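Here are my notes on the model you sent. They go point by point, from the fold to single side chains.

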Amino acid sequence: PPNRTSGFAMRLLLNVILLGIAILLAYAIAWLLGLGTQTSLYATHADAAADGAIGRGWVPEFVPGDATDILEVHNVEHAFVSVSFRAPGAPADWGFLPVAAAYRGEALQRIRSVRFPGARPGRRASVTYRCEQDGVGLLAHERHDRQYFYAGPFEGASLRGLCATRGREGP
């Protein structure tokens with residue numbers, strides 16, 4: 001006769017495996033849907049400030065006061081922010097430095113991997129950086145217009161080398 005204990009153990013094992021699969025599936029769906037990620041659109045810098053987005057760090061403080069069409073995406077859990085905006089001026093005005101040729105490919109790949117709603121930096125975008133406390137902030141823009149794309153902080157030794165070569169920590 002079959003052993004009832006082994007049948008119970010098999011059913012229990014099967015249930016545990018199914019529960020594990022269900023949990024993994026739930027996490028995958030949450031990741032795909034971007035749960036924990038919030039997006040806001042502001043017509044002007046003043047609108048972003050009035051909403052508290054600058055004070056909370058969702059729109060970085062370097063974004064100039066005359067910026068418009070500010071679209072920010074942030075994830076508090078991962079402490080990551082991406083912002084696109086239009087503004088006169090240049091990255092050097094906001095504390096960004098040109099990315100050295102040795103780092104350009106990786107920097108462009110990193111910022112192009114960020115999901116910016118709507119447009120995103122092209123393959124020929126100019127990329128600049130800024131050393132921040134938690135990593136490297138990257139700012140890209142097309143030479144023909146004044147739309148900027150910022151994302152950060154990026155972590156990792158490879159881009160941190162940018163800060164080491166300049167001997168800089170912080171903007």
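1. Along the sequence, the chain runs α-β-α-β-β-β-α-β-β-β-α. That makes four helices and seven strands. Bear in mind throughout that this is a predicted model.

2. Some global numbers. The chain has 171 residues, and 39% of them are buried. Take the contacts with a separation of 6 or more: 56% of them are between residues 24 or more positions apart. Several of the pairs below link distant parts of the chain, among them F80 with F154 and C131 with C163.

3. Which cysteines form the disulfide? The count is one, and the link joins C131 to C163, with an S to S distance of 2.0 Å. The angle about the S-S bond is -115°, a left-handed link. C131 sits in strand β5 (residues 126–132) and C163 in helix α4 (residues 157–166), so the disulfide ties a strand to a helix across 32 residues of sequence. Both cysteines, C131 and C163, are buried.

4. The salt bridges number four. Start with R130 and E61, whose side chains meet at 2.6 Å, N to O. R130 belongs to strand β5, while E61 is in the loop between α2 (45–50) and β2 (68–75); the bridge therefore ties together parts 69 residues apart in sequence. The two ends differ in exposure. R130 is buried, at 6% relative accessibility. E61 is exposed, at 57%.

5. R130 has another partner. Its side chain also meets that of E132 in a salt bridge, at 3.5 Å, N to O. E132 is buried, with a relative accessible area of 14%. Through shared partners, E61, R130 and E132 form one network.

6. A further bridge pairs R86 with D69, the closest N and O atoms being 3.8 Å apart. The cut-off is 4 Å, so the pair counts. R86 lies in strand β3 and D69 in strand β2, 17 residues apart. Both ends are partly exposed: R86 has a relative accessible area of 33%, and D69 is at 44%.

7. What about E142, a buried residue: which side chain of opposite charge is nearest? The answer is R112, 6.3 Å away, and E142 has no salt bridge. A bridge requires a side-chain nitrogen within 4 Å of a carboxyl oxygen, so a distance beyond that does not qualify. E142 is placed in the loop between β6 (135–141) and β7 (147–154).

8. E142 does have a polar atom of its side chain 2.4 Å from the backbone nitrogen of G122. I would put that distance on the list of values to look at in the viewer. Beyond its neighbours within four places in sequence, E142 contacts R120, P121, G122, R124, A125 and Q147.

9. Now the aromatics. The count is eight pairs. In one of them, F80 and F154, the ring centres are 5.4 Å apart and the planes stand at 80°, so the pair is edge-to-face. F80 is in strand β3 (residues 80–86) and F154 in strand β7, with their positions 74 residues apart. F80 is partly exposed, at 24% relative accessible area, whereas F154 is buried, at 7%.

10. Is the pair of F85 and Y148 stacked or edge-to-face? The planes are at 25° and the centres 5.5 Å apart, so F85 and Y148 are stacked. This pair, too, links distant parts of the chain: F85 in strand β3 and Y148 in strand β7, 63 residues apart. F85 and Y148 are both buried.

11. F85 and Y148 also belong to a wider group. Ring pairs join F62, F85, W94, F96, Y148 and Y150 into a cluster.

12. To recap the links between strands and other elements. Strands β3 and β7 hold the rings of F80 and F154, and also those of F85 and Y148. Strand β5 holds C131, bonded to C163 in helix α4. Strand β5 also holds R130, bridged to E61 in the loop between α2 and β2. Strand β3 holds R86, and strand β2 its partner D69.

Technical notes
Residues numbered from 1 in each chain as written. Predicted model: local features only at pLDDT ≥ 70, side-chain atom pairs only at ≥ 80, totals over all residues. Heavy atoms only, no water. Helix = DSSP H or I, 4+ residues; strand = E, 2+ residues; numbered from the N terminus. Buried < 20%, exposed > 50% of the residue type's maximum accessible area, 1.4 Å probe, protein only. Lys, Arg positive; Asp, Glu negative; His and termini not counted. Polar contact = N/O pair within 3.5 Å; in protein donor to acceptor, adjacent residues only side chain to side chain. Contact = heavy atoms within 4.5 Å. Phe/Tyr/Trp six-rings, centres within 6.5 Å; stacked < 30°, edge-to-face > 60°. Disulfide = S-S within 2.5 Å.
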